[in-house]
Every structure is written in structure tokens, then in C-alpha cells.
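Open your viewer and get ready to select a few things by residue number. We will go through the model one stop at a time.

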Amino acid sequence: MGRAVEEPRPMPLLPVQELAGAGDDVPARYVARATNDAEAVAAAAPVPVIDVGLLCQLQPRGESATAEAVANHGIEAPLMDAVMEASRGFFRQPLEEKQRYTNMADGEHFQLEGYGNDRVASEGQVLDWCDRLYLKVEPQDERNLPLWPTRLRGVLQEFTAECTKLKDRLLPEMAKLLELDDDYFGDQFGDKADTHARFSYYPPCPRPDLVFGLKPHSDGSFVTLLMVDSSVGGLQVLRDGVWYDVPTRPRTLLINLGDQMEIMSNGIFRSPVHRVVTNAEKERLSVALFYSVDPEREIQPAGKLVDENHQALYKKVKIKEYVAGLFEHFSQGKMVIDTARI
């Protein structure tokens with residue numbers, strides 16, 4: 001979703017995994033929450049499990065944030081288990097092994113793909129308690145295979161192929177919910193649509209009352225398919241000012257509709273704001289595939305959803321510029337979707 005090399009980091013950072021066992025406190029740069037913030041207990045999330053085979057029976061629910069868990073998705077349980085096992089194995093390797101796939105080009109410049117921290121834009125940026133491996137998986141001819149860990153290559157290729165089949169099943173059904181032509185979203189994606197995989201590792205954190213695993217944000221993608229840890233929670237979604245815990249369900253996928261869908265649906269579907277909280281005792285792992293429209297294309301609310309009674313709520317945006325703004329806004333704890341609103 002990004003392009004090759006960014007500006008230098010202000011200073012090199014240790015992976016969070018190396019800090020996790022260093023003591024009972026955390027570096028000041030990771031403190032994101034007031035000490036009394038932990039008093040607000042998240043409610044159980046109203047995230048229904050959707051049978052993909054019955055998706056045609058869904059009805060639009062107006063202007064609501066859309067996060068659904070899906071079962072009967074066609075991805076075999078052994079493959080899902082293999083992806084999680086290989087991912088966990090990668091992060092449990094010695095640091096020197098993982099740094100063979102570093103996201104620091106020449107040891108000095110940050111690049112989007114590879115292993116390490118998220119982009120650090122300034123000395124004052126609040127950091128997340130998370131290490132990640134970020135890889136471009138589609139288009140296939142744009143894969144940077146030297147950054148793909150050997151233990152992950154086979155299962156990641158297979159998992160990507162199966163998730164893309166699921167995405168292709170979902171697109172026409174989402175179009176139907178908006179009373180658009182079945183192929184509307186598929187046509188919008190284009191032949192050079194981007195897909196990125198993100199493997200996120202959250203080590204135990206000695207101060208979960210102060211530190212986020214991932215700060216509040218919405219996805220800049222069109223749709224995100226997320227496989228979460230089957231036994232350790234932490235994902236929360238914001239709705240009507242309340243943070244809801246998203247329950248863990250083995251071998252289901254969470255579907256997040258992203259900012260691109262919010263824009264094209266003219267706000268009928270909303271991109272949910274979500275975050276990850278930390279755990280004092282247990283590590284947590286997630287694997288996400290972010291599906292995005294061709295970066296050279298522009299998107300805007302679908303013409304059929306705009307008329308004299310329903311004005312356009314979003315500007316036309318170019319995907320490449322929007323995604324670049326996404327990473328900049330994320331580092332500042334801001335929402336890039338706000339820049340697209342009219």
C-alpha cells in the first residue's frame with residue numbers, strides 16, 4: 001500500500017519483544033493512556049457470526065460501523081492453524097534471525113515492508129506495544145520475496161489465495177446490499193489492486209493500564225480480513241462512545257469494512273474505529289489481509305447513492321495519496337477519513 005523507501009527514522013528502536021521482559025515498567029514513549037482510563041470497562045461486543053453461505057439474506061443497517069465475524073468461509077481449519085503456527089514460530093525466533101527481514105533499508109531508512117516497528121515519524125510520537133511483519137502479497141508480480149520468511153512462504157501464498165476467493169465472494173453481495181450492480185466493486189478494484197498482509201505480535205506488557213497494543217484507528221483499506229488469536233483477546237471496537245471487546249472465536253475471520261468502502265457507500269457502511277489493548281501475562285498474535293483499490297485509481301461515492309435527497313458526504317480521493325495520508329495520520333493518532341469528508 002505504500003511505496004519503497006521513506007525518510008530516516010529519528011532514532012533506531014528495539015523491537016517491543018526485546019523490551020517485554022526488561023522490568024515492571026515501560027519506556028515513556030509507549031505511555032498513551034491516562035491512569036484512570038483503565039477504569040472504563042469495555043462491554044461485550046455485539047459482533048454477530050455470519051454464515052457466508054447465507055450472506056444474501058443480510059440487509060443494510062443504515063449508518064453503522066461494520067465489523068462481522070464470518071464462519072463457513074471456505075478456508076480449511078488446518079490452513080488457518082498452519083498460518084498461526086508459522087507466524088508464532090517466526091516471532092519466537094532469535095532477534096538476529098528476524099532481522100534478516102528488517103524494514104530498515106541499509107539499517108537507516110524505514111520501508112513499509114518487512115519486520116520491525118511501525119513507522120516512527122517524530123521523537124514525540126506515542127508508540128504501540130507491537131512488532132509486525134508487513135508484506136505485499138498482491139499483485140503477485142510485485143511481491144518482494146526476499147522479505148518473506150521461509151517458514152511463512154508456502155502457507156502465506158495458500159492463505160492469500162483462499163482469502164482472495166472469499167473477498168471475491170463478498171464484493172457482489174456487498175454491492176447488492178446497496179442496490180448496486182453486482183460487479184460494481186469488482187470493477188472499481190482494477191487489475192493492479194493492492195493486498196498487504198500484516199502479522200502483528202503483541203508481547204506481554206507490564207503496564208496494560210497505560211499502553212496500547214495498537215492505538216485507535218480505522219483501516220484505510222476497502223475490506224480487511226482478520227484472523228485473531230483463538231485464546232487471547234485484546235481487540236476492541238468503538239461504537240456510540242463505548243469500547244466493546246471483540247470476542248475470540250476459533251477459526252472465524254473478522255471482516256472490517258475500511259475507509260474506501262465508507263467513501264464509496266457514501267457513509268451507509270462505516271469503517272469502524274478499533275484498537276488493541278495489551279495483556280500483562282499473555283502474548284497475542286493476529287494476521288490481517290488488507291484489500292485495497294488500485295493505488296492509481298480515484299474513488300468517490302457511487303453515483304446511484306447520490307441524489308437530491310442524499311448529497312455526497314465524501315470528496316473524490318486518489319488511493320495512493322489517501323494511503324500515504326493514512327500512515328501519516330496514524331502516527332499522529334488521527335483519522336485520515338476526516339480529510340475526505342465534505
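Which strands and which helix each supply at least two residues of the lining of the largest cavity? Keep that in mind as you select them in this predicted model: β9 (131-138), β10 (194-202), β11 (212-217), β12 (223-228), β17 (274-277), β18 (284-292) and α7 (319-331). Colour β18 in its own shade, since β18 gives the most to this lining, with five residues.

Next, look at the space itself. The structure holds five cavities of 30 Å³ or more, and the largest has a volume of about 600 Å³. It is lined by 41 residues. To find its centre, show Asp 118, Arg 198, Leu 214, His 217 and Phe 330, the lining residues closest to that point.

Now select residues 150-177, which form helix α4. From first C-alpha to last, its 28 residues reach 41 Å, close to the expected 40 Å. Pause at Leu 156, where α4 bends by about 30°. Just past the helix, click on Glu 179, whose phi is positive, near 60°.

Stay with α4 to meet the largest nonpolar core, which has 64 residues. The largest share of this core, 11 residues, comes from α4. Show Phe 159, Phe 185, Phe 199 and Phe 222, the residues with the most contacts inside the core. In soluble globular proteins, nonpolar side chains tend to be buried together.

Zoom in on Phe 159: beyond its close neighbours in sequence, within four places, its contacts are Ile 75, Leu 79, Val 83, Met 227, Leu 253, Val 287 and Leu 289. For a last stop, select Val 228, Val 237, Tyr 244 and Val 246, which are among the 16 residues of another core lying apart from the largest one.

Methods: Residues numbered from 1 in each chain as written. Predicted model: local features only at pLDDT ≥ 70, side-chain atom pairs only at ≥ 80, totals over all residues. Heavy atoms only, no water. Helix = DSSP H or I, 4+ residues; strand = E, 2+ residues; numbered from the N terminus. Expected span 1.5 Å × (residues − 1). Bend = angle between axes of the 7 residues up to and from the residue. Core = buried A, V, L, I, M, F, W, Y, C linked by side-chain atoms within 4.5 Å. Buried < 20%, exposed > 50% of the residue type's maximum accessible area, 1.4 Å probe, protein only. Contact = heavy atoms within 4.5 Å. 1 Å grid on protein atoms, 1.4 Å probe; cavity = no way out; pocket = protein on both sides within 12 Å on 5 of 7 lines; lining within 4 Å. Points joined across faces, edges and corners; volume = space filled by probe spheres on them.
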